[in-house]
Amino acid sequence: MRRLISIADLTNEEIEEIFSLADEAEQLRAARPASGQIMATLFYEPSTRTRLSFESAMQRLGGSVISCSDMKSSSTAKGETVADTAKVVSSYADVLVVRHNWDGAVQAMAEHADVPIINAGDGGHEHPTQTLCDLYTLRKEKGELKGLTVVVCGDLKNGRTIHSLVFALARFGAHVVTLAASGMELPQYVIERLEREYGYGLAPVASNDLSAVVKETDALYLTPKQPHQLALFTQVDEIIQARLNTMASGLRYDAFYMTRKQKERIKEGTNDASYPTIGAAFLREQRFQDTVVMHPLPRVDELSQEVDKDRRGIYFKQAAYGVPVRMALLKFLFDRQETLPRSRGAAISYESPEAIGPQCRNPNCITSKEPLSAPKRFELFAIGESGSVVLGCKYCDHRFKVQYVGNVAAKRYGSYDYTLASNLKEWLKKGELAIFDSIKEAEELGYEPFKSGPQRVLMGEAEIKQALAEMSGRILSDCRDADRLLILGVRSVGSQLAQRLAMEITNQRQRRPELGEIDIYGNEELRRLNPADPDIGPLNLKDREVILVDDVIYTGRTVQSALSIIFRSGRPQSVRLAVLIDRGHREVPMRPNYVAKNIPSSETDRVRVKLCGLDQEERDQVVMYSLIPVAGSQPSAAAGNEKTAVK
Ligand code: NCD
């Protein structure tokens with residue numbers, strides 16, 4: 001049974017087929033192909049356009065509609081789960097159209113419904129039918145989607161229409177410029193998917209190029225051609241920066257897709273920064289003379305009524321296409337009975353065999369809001385390809401890094417690293433792979449740490465101290481303006497090292513540099529570390545000289561992810577990379593600027609930076625050891641202390 005939860009549920013050819021059907025909406029209306037069929041609309045959130053255009057579409061196809069005028073007056077108010085509602089209503093109707101305020105709720109309902117289900121917007125996640133209307137409008141206006149440059153603007157973090165749209169634009173070969181309101185950047189999971197599944201690269205765009213819309217916010221250019229490696233930015237980069245600016249300025253902007261601030265998804269008072277607007281100034285700019293302005297509506301004050309009268313303002317047309325496009329979609333779904341698996345690259349499904357297992361970190365995900373309706377199911381990425389393994393929630397798509405893995409049969413656990421990749425595959429095949437968010441979870445189930453081989457000390461306390469002092473001296477002598485330095489550690493050992501480096505710099509300069517932390521798979525954000533004034537506001541990267549600090553560089557993928565977070569958060573003057581250990585074996589071209597020690601190591605070696613104070617370490621040390629395979633191993637008192645991430 002076909003359903004539409006994500007825009008990934010439709011292939012490009014199928015989208016084209018829906019558009020051809022939409023072109024013939026009048027003929028469809030005459031043929032009444034849905035005669036005798038019933039559509040149920042279940043809207044747990046307000047809607048005008050989506051709901052009414054769906055209802056109109058169904059009636060124009062000759063079908064009829066049942067609906068709950070307000071889900072708050074349905075059994076939901078009595079505590080019914082979405083799973084039960086879906087099961088019940090699917091015996092009353094032939095298709096369900098659902099809007100919900102939780103991310104992933106429609107996926108959960110689809111698992112319990114016996115009829116096709118259509119996502120009319122789930123929390124801040126996706127809104128695929130809006131995307132169909134958007135693409136249809138764009139194609140009508142511009143002829144072809146391939147090669148277009150579309151600026152998506154506003155609340156890119158919470159705007160579900162944006163998430164579905166950028167994936168679709170990438171699939172059709174368009175370029176995307178993201179122009180986010182401050183603090184509302186495209187989520188990391190969306191960027192990662194664009195990079196991994198569609199081969200998109202990103203680069204900053206000169207903000208003065210877009211100043212008619214927003215000042216002081218840097219845009220990012222997402223393009224399928226990957227003309228620039230993020231790795232380049234780790235070099236002192238004036239020339240590269242200049243080259244990028246000229247490349248990105250003078251872009252032809254085909255469409256501006258504006259969105260409102262999704263205030264219902266933002267905690268009050270947490271983001272009062274200025275919001276971009278489109279109005280008369282935009283319309284006057286020469287470079288936007290052929291740029292159409294789109295908006296999923298409703299608008300608040302980000303899109304001035306001045307644009308309504310302009311030929312480029314096409315948002316009312318876009319809303320009107322809602323009916324023919326949704327007629328076409330319904331007809332398409334009624335004609336398809338087969339199920340097509342969503343194409344998601346090489347992802348593997350994962351459900352923990354243990355009672356305690358990993359949790360999706362998105363607080364608005366159905367798995368945390370109503371676990372009864374949505375068991376914890378994930379997709380597992382990147383085994384064998386990179387240094388880390390990532391879980392993606394099957395419901396909301398948020399991603400996070402696997403920290404601890406265990407073997408169910410041997411009842412052993414440890415922190416995950418690359419050397420365990422082949423074991424992991426094996427355990428997965430046998431259904432023996434347990435994943436834990438913390439040591440506590442593993443220990444609660446009686447797991448013991450993996451046994452590790454003898455340790456070899458590679459660097460001692462004094463050597464580490466000396467290396468950090470030297471590194472900070474070189475950082476200071478290389479930097480142009482020490483007041484602009486920002487020491488940014490990769491969580492968690494990298495952050496500790498960043499603090500040590502900052503201390504050294506303070507000693508040498510008698511002034512404390514600013515310190516920040518970057519969390520790659522957590523909340524996907526940059527934050528200050530130990531700010532003197534807690535109300536100082538978010539970190540500003542503009543024109544800063546960033547020193548990115550990590551403990552060990554190996555495949556280079558961690559640094560690549562960190563760079564992508566940095567460049568979508570602002571435009572620093574330069575980013576340089578400082579690491580304690582370089583293990584070699586790079587998968588991504590990346591050369592650190594400051595290295596304390598090069599340690600060529602084999603894939604089965606583990607290198608761990610232990611820092612005093614972190615996880616009860618007594619002194620600073622860098623150690624190397626190998627792991628004793630888990631099969632047949634007995635719990636042992638000599639088990640290694642596996643408490644921090646191993647790289
Ligand atoms: C959008 C939505 O609900 O996500 N509206 C729509 O469906 N046309 C956009 C919004 O509410 O801002």
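Me: Contact means heavy atoms within 4.5 Å. Leaving aside neighbours within four places in sequence, which residues does Ser495 touch by that rule?

Reply: This is a predicted model, and in it Ser495 is in contact with Gly489, Val490, Glu517 and Leu529. Ser495 itself belongs to helix H17.

Me: What makes Ser495 count as buried?

Reply: Its relative accessible area is 2%. Buried means under 20%, so with 2% Ser495 earns the word.

Me: Let's stay with H17. What is the geometry of its packing with H16?

Reply: Helix H16 (residues 461-478) and helix H17 (residues 493-509) meet at an angle of about 65°, and their axes are 9 Å apart. The crossing of H16 past H17 is right-handed.

Me: Which residues make the contact?

Reply: On the H16 side they are Lys465, Leu468, Ala469, Met471, Ser472, Gly473, Ile475 and Leu476, and H17 brings Leu497, Arg500, Leu501, Glu504, Ile505, Gln508 and Arg509. By class, this contact has 8 nonpolar, 3 polar and 4 charged residues. Gly counts as polar, so Gly473 of H16 falls in the polar class.

Me: On to the sheet. What is the order of its strands?

Reply: The order is S2-S1-S3-S4, in an open sheet of 4 strands with parallel pairing.

Me: Why are strand S2 and strand S4 said to stand at the edges?

Reply: S2 (64-67) and S4 (117-122) each have a single partner strand, so one side of each has no neighbour in the sheet. On average, neighbouring strands here are turned by 20° against each other, direction ignored.

Me: How do you know that strand S3 and S4 are paired?

Reply: There are 4 bridges joining S3 (residues 95-100) to S4. Pairing needs at least two bridges, so S3 and S4 pass with 4. As one point of reference, His100 stands opposite Asp122 in S4.

Me: Which strands does helix H3 lie across?

Reply: Helix H3 (residues 49-60) lies across S1 (38-43), S2, S3 and S4, and runs at about 175° to S1. Helix H12 (residues 322-335) packs on the sheet too, touching S1, S3 and S4, with its direction at about 140° to that of S4.

Me: Now the charges. What makes Asp23 and Lys140 a salt bridge?

Reply: Their closest N and O atoms are 3.0 Å apart. The cut-off is 4 Å, so the pair qualifies at 3.0 Å. Asp23 is in helix H1 (residues 12-23) and Lys140 in helix H6 (residues 128-142), so this salt bridge ties together parts 117 residues apart in sequence.

Me: Why is Asp23 called partly exposed?

Reply: Asp23 has a relative accessible area of 42%. Partly exposed runs between 20% and 50%, so Asp23 fits at 42%. Lys140 is also partly exposed, at 42%.

Me: What about Glu285 and Arg287: what makes them a salt bridge?

Reply: Their side chains meet at 3.2 Å, N to O, and the limit is 4 Å, so the name applies. Glu285 is partly exposed at 23%, and Arg287 is partly exposed at 36%.

Me: How many salt bridges does the whole structure have?

Reply: The search finds 34. Among them is Asp308 with Arg299, at 2.8 Å, N to O. Arg2, Glu14, Glu17 and Arg336 are linked in a network of salt bridges.

Key:
Residues are numbered from 1 along each chain as its sequence is written. This is a predicted model: local features need pLDDT of at least 70, side-chain atom pairs count only at pLDDT 80 or more; totals for chains, interfaces and linings use all residues. Side-chain values use heavy atoms; hydrogens and water are left out. Helices (H or I, at least four residues) and strands (E, at least two) are DSSP runs, numbered from the N terminus. Axes are lines fitted to C-alpha atoms, for helices over the stretch in contact, and angles run from 0 to 180 degrees between N-to-C directions. A crossing is left-handed if the near helix is turned anticlockwise from the far one by less than a right angle, and right-handed if clockwise. Buried means under 20% relative accessible area, exposed over 50%, partly exposed in between (1.4 Å probe, protein chains only).
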